[in-house]
Amino acid sequence: MSGEPICSVRGVEKHYPITRGLLRREVGRVRAVDGVSFDVERGEALGIVGESGSGKTTTAHALLGLEEPTAGEVRFEGDPVSELTGADRQDFRRRTQLIVQDPNDALDPRMTVGEAVAEPLKIHGLDDAERRRAVVADILERVGLSADDLNRYPHEFSGGEKQRISIARALVVSPDLIVADEPTSALDARVRSEILDLLDRVRREFDIALLFISHDLDVVRRNCDRVAVMYLGEIVERGATESVLADPAHPYTRVLLSSVPSLDPTDRALDRPLTDTVPDPSDPPSGCRFHPRCPDVIPPADLSVPAETWRAIAEFRFSVQAGELPEDAVGDPGTDDPGGDAEDPAAAVREAVGLGAELPDPDAEAAVDDAARRLADGDVDAADEALAAAFPSVCERETPAAVERPTVDEGERRKSGSVSCLRHGRESAGAVRSDGNGD
Ligand SMILES: Nc1ncnc2c1ncn2[C@@H]1O[C@H](COP(=O)(O)OP(=O)(O)OP(=O)(O)O)[C@@H](O)[C@H]1O
């Protein structure tokens, strides 16, 4: 890619206040997007992926000027979007279009298809009704519908056809950038594939940049040149789609990949997250935000146990913290027989969390045993504190900077992008600028 990006996003934050009481006193903030920077190059397809709640839609809305960022800036062809007024703002609105997941949200049931697709043309100043009709008929043909559909109503069409109408509505004003927010997740597999092909075709035909918001890595693999992976309001990895998906450098990207059933499951088994609970974005974890779920969380330097034992300890620690322990791993504090009927309740807890065998590191053994006893007594908070004190990780203390993704080979996948993980480049010289694409 060369030249100025069509759109650049720099340090964008969007925090939603949490208010209480009649006076709507602010008691906290949902950090939906928390310092995101990226460029969208002309004509490229960029994917933003992440679990539900990671901040993808909020990022897209900030980029389109539909949400005012709490901090940071969006520029369109170099101009700050927040400062556009009058005709410039109108022009920005025309040149950036949004396609949403459910086409019913975009289509007025009382308007014919012809009226719906012509509406943006009218808004943006094409007053000649005959000319509008001709443009609309042409665009309907290009998205796989027919000029005969002009006088029909949305309810006469299937979900896939309605999404084609939405795409026509976006295309008709000749945009430079389309944001497609989960455009196919409401469709069945065959129709999904057709719509993805259509979006890819029209992007190339009309030389439009496409920002694809999706939780589905297969969609990104198929349609996007580059990908940015979001977790709890931050971009944790980015780069050429082929490189990132073939050699994911961030454990979170690996976790996302391991949840795609079509990929080889055998070597992805270890990429199961330690816990399922996504932390609350109003109180994100310290350090690396992914650390309480990270299957690759860094052990304390003085811990001397095999890697799989550390994984079990980390899973124990963060499951206690998230309140995600198996039922039989917590005793009932209200009984005289803590830990239930088991002969040795603490041993039963350890068995339940996969740490039944004595650990080779005596300090670790004592700490796990202590936590297990406290759990057997039903004191989850004390167990949590004991585990946190005994097994601290640098990942909860240090915030990872974006560094270059490791180069895998000298071939096609060399263009590597960036990753924000302490497993890569701690104290590395390869720090990537934090204000751009990082690739
Ligand atoms: N208007 C709002 N007020 C308060 N919190 C909000 C608001 N909009 C979004 N959020 C919160 O911000 C976080 C990010 O939401 P967002 O919709 O951007 O995520 P997403 O990755 O697009 O998820 P999804 O795929 O479910 O749409 C979520 O925790 C969400 O609950």
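The following exercises, each with a worked solution, concern a predicted model. Residues are numbered from 1 along each chain as its sequence is written. Local features need pLDDT of at least 70, side-chain atom pairs count only at pLDDT 80 or more, and totals for chains, interfaces and linings use all residues.

**Exercise 1.** Determine which strands stand at the edges of the open sheet.

*Solution.* Helices (H or I, at least four residues) and strands (E, at least two) are DSSP runs, numbered from the N terminus. Two strands pair if DSSP finds at least two bridges between them. The open sheet has four strands in the order E2-E1-E4-E5, with antiparallel pairing. Strand E2 (25-40) and strand E5 (79-80) each have a single partner strand, so they stand at the edges and one side of each is left without a neighbour in the sheet.

**Exercise 2.** State how many bridges join strand E4 to E5, and name the bridge partner of Phe-76.

*Solution.* Strand E4 (residues 71-76) and E5 run antiparallel and are joined by two bridges. Phe-76 has Asp-79, in E5, as its bridge partner.

**Exercise 3.** Describe the burial and packing of helix H13.

*Solution.* Helix H13 comprises residues 362-376. A residue is buried if 20 or more other C-beta atoms, placed from the backbone, lie within 10 Å of its own. The buried residues of H13 include Ala-364, Val-368 and Leu-375. The buried residues of H13 pack against helix H11 (307-322), helix H12 (345-352) and helix H14 (380-390), where contact requires C-beta atoms, placed from the backbone, within 7 Å. After H13 comes Gly-378, with a positive phi near 85°.

Technical notes:
The expected span of a helix is 1.5 Å times one less than its number of residues. A residue is buried if 20 or more other C-beta atoms lie within 10 Å of its own, exposed if 12 or fewer, and partly exposed in between; C-beta atoms are placed from the backbone. Two residues are in contact if their C-beta atoms, placed from the backbone, lie within 7 Å.
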